[in-house]
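The exercises below ask you to work from the sequence and the coordinates, step by step. Please try each task before reading its solution.

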Amino acid sequence: MIIFSLYALLVWCGAYHWRRSWRGFCAAFGGAVFVLPAIDPLVYVAWLLAGERPTWLFAFFYAYAGALVLVGLMLASLPRREEVHPCDSCGYELAGIDVRVCPECGGRFTRRARSAGHRASAPRPAPPR
Ligand SMILES: [Zn+2]
């Protein structure tokens with residue numbers, strides 16, 4: 001039984017690690033892809049050992065595969081933590097912005113300073129017309 005717990009842990013760790021990417025969703029569905037073909041052989045072995053057909057094992061394995069996928073999908077859908085790089089002049093969030101001027105206050109910053117979260121330079125006056 002511990003191998004089922006470890007396998008579920010492995011699948012869910014992969015789904016969480018690669019969350020919000022195609023790899024995370026592949027980990028969630030891939031967990032069931034390896035379990036579903038193994039259900040019939042496992043039930044057959046249990047049938048040979050027990051002497052009677054353990055139909056409850058089918059329910060167990062299908063519920064296990066369903067839980068693998070559902071929890072894996074939930075973990076793969078969790079948001080990633082975004083890095084926060086606020087403008088030092090006005091506090092406007094600069095993450096994901098490709099320009100070198102704060103769109104809120106006009107403060108200039110270098111790409112390196114922005115990615116490191118360093119201080120933005122003072123706002124630059126508007127150019128004369
Ligand atoms: Zn700003």
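**Exercise 1: the two sides of α1**

The exposed residues Ile2, Ser5, Leu6, Leu9 and Leu10 sit on the face of α1 that is turned away from its buried side. Here a residue is buried if 20 or more other C-beta atoms lie within 10 Å of its own, exposed if 12 or fewer, and partly exposed in between, with C-beta atoms placed from the backbone. Helices (H or I, at least four residues) and strands (E, at least two) are DSSP runs, numbered from the N terminus. The model is a predicted one, in which local features need pLDDT of at least 70 and side-chain atom pairs count only at pLDDT 80 or more, while totals for chains, interfaces and linings use all residues. Residues are numbered from 1 along each chain as its sequence is written.

*Task.* Find which residues of α1 are buried, and state what covers them.

*Solution.* Step one is to list the buried residues of α1, which are Val11, Trp12, Gly14 and Ala15. Step two is to look down the axis of α1, where these buried residues fall within an arc of 155° (taken from the directions from the helix axis to the C-beta atoms), so they line one face of the helix. Step three is to ask what lies over them, and the cover includes α2 and α3.

**Exercise 2: the course of α2**

*Task.* Compare the span of α2 with its expected value, and locate the kink in this helix.

*Solution.* The expected span is 1.5 Å times one less than the number of residues. For the 29 residues of α2 this should give 42 Å, and the end C-alpha atoms are 42 Å apart, which agrees. A kink of about 40° nevertheless lies at Ile39, shortly before the proline Pro41; the bend is the angle between axes fitted to the seven residues ending at a residue and the seven starting there. After α2 comes Gly51, whose phi is positive, near 95°.

**Exercise 3: the core**

*Task.* Identify the residues of the largest nonpolar core and the helices that supply them.

*Solution.* A nonpolar core is a set of buried Ala, Val, Leu, Ile, Met, Phe, Trp, Tyr and Cys residues joined through C-beta atoms within 7 Å. The largest one has nine residues, namely Val11, Trp12, Ala15, Ala27, Ala28, Val35, Leu68, Leu75 and Ala76. At least two of them come from each of α1 (2–17), α2 (22–50) and α3 (55–76). The buried residues of α2, among them Gly24 and Gly31, pack against α1 and α3.

Definitions and conventions: Two residues are in contact if their C-beta atoms, placed from the backbone, lie within 7 Å.
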